[in-house]
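Biologist: Please take one part of this model and go through it closely, in plain terms. I would like to hear about the long stretch near the end of the chain and what it packs against.

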Amino acid sequence: MRTATYFFIFLNLSLAVFEEPAVYPLPFLVTSLVEVLCLLVFFGRLTHFAKVTFRNIFWKDTKNICIMVAILLSLTDLAIYGVLRIYNVRSIRWSRIVRPIFLINFAESRQIRRAFRSIRNTLPEITYVFLLFMFSLLMFSLMALKLFGERNLQTAEGLPYFKNYLEIVFDLYVLVTTANSPDVMMPAFDFSSWYALFFIAFVIVNTYIFMSLFLAVVYNNYKKHLKVMFGGLNCD
């Protein structure tokens, strides 16, 4: 039963690869039949669990309620999408976002729920580091606007360089990953090589310091919550 449940959960999650818009598109009839089959298996597994569980315990368990609601939402969305498709009305399968509920809330997924609970408990404690990082990003973006925005610089494509504040925030956010380095700084560097110091300082502060700090906070808090969850056992 556990193997079958995991197989159909994997199959249900994999439908996103084949549904429109898809990497490998399949006919709607094929994907809808597979999804209905998966939902029937989930409903059968839930019914089986209800047969071996006391009724008051079963209905008090929020995991079971979440699974039933997810099945109903998926079937409703599938029916609406199918009817709209018949009348050539373009729509979106909004129920895709509820599919991970099946992975988390089945009784067999106890370890996944523990990991998910640790992540959830860790998020509030890393908020302060994230806000500090965002403050640094916004301040560097404001400095970039003041440094480069009034010099009428252009990118290699002939577009205005660092004229829009929101675009600067996005470009510098990408620079944190170094994905657009050194292209993002070349117009300023061509104007004056001294402007490279701004981007070097940005990378040192945000990529090397803040990202390392962010990773350390996430790791330490996640490990702490795992230790609490497993009764103080060593989780290293």
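Modeller: Over residues 194-219 the chain is 92% helix and 0% strand, and the C-alpha atoms at the two ends lie 37 Å apart. This is a predicted model, and the values that follow are computed from it. In UniProt, an unreviewed entry lists residues 194-219 under "transmembrane region", together with 26-44, 65-84, 126-145 and 165-182.

The helix to look at here is helix 9, which spans residues 196-229. The largest nonpolar core of the model has 23 residues, and those with the most contacts inside it are Phe148, Phe162, Leu172, Phe199 and Phe202. Helix 6 (110-148), helix 7 (165-176) and helix 9 each supply at least two residues of this core. Helix 9 gives the most, with 6 residues.

Leu172 shows how the parts meet. Leaving out residues up to four places away in sequence, Leu172 touches Phe199 and Phe202, and also Leu137, Phe140, Ser141, Ala144 and Phe162. A second core, separate from this one, has 13 residues, including Leu39, Ile71, Phe102 and Phe106.

Next comes helix 6, which holds Thr122. Is Thr122 buried or exposed? Its relative accessible area is 4%, and because buried means under 20%, Thr122 counts as buried. Apart from neighbours within four places in sequence, Thr122 is in contact with Val218, Asn221, Tyr222 and His225. Another of the stretches that UniProt lists as "transmembrane region" is 126-145. Over residues 126-145 the chain is 100% helix and 0% strand, with the end C-alpha atoms 29 Å apart.

For a second example of packing, turn to the start of the chain. The unreviewed UniProt entry marks residues 1-16 as "signal peptide". In the model, residues 1-16 are 81% helix and 0% strand, and their end C-alpha atoms are 24 Å apart. Helix 1 (residues 2-14) packs with helix 2 (residues 28-51) at an angle of about 145 degrees, and the two axes are 10 Å apart. The crossing of these two helices is left-handed. Helix 1 brings Thr5, Phe8, Ile9, Leu11 and Asn12 to the contact, while helix 2 brings Val34, Glu35, Leu37, Cys38, Val41, Phe42 and Arg45. Sorted by class, the contact has 8 nonpolar, 2 polar and 2 charged residues.

Notes
Residues numbered from 1 in each chain as written. Predicted model: local features only at pLDDT ≥ 70, side-chain atom pairs only at ≥ 80, totals over all residues. Heavy atoms only, no water. Core = buried A, V, L, I, M, F, W, Y, C linked by side-chain atoms within 4.5 Å. Buried < 20%, exposed > 50% of the residue type's maximum accessible area, 1.4 Å probe, protein only. Helix = DSSP H or I, 4+ residues; strand = E, 2+ residues; numbered from the N terminus. Contact = heavy atoms within 4.5 Å. Axes fitted to C-alpha atoms, helices over the stretch in contact; angles between N-to-C directions. Left-handed = near helix turned anticlockwise from the far one by under 90°. Nonpolar A, V, L, I, M, F, W, Y, C, P; charged D, E, K, R; others polar. UniProt positions renumbered as here; feature names shortened; annotations may be inferred.
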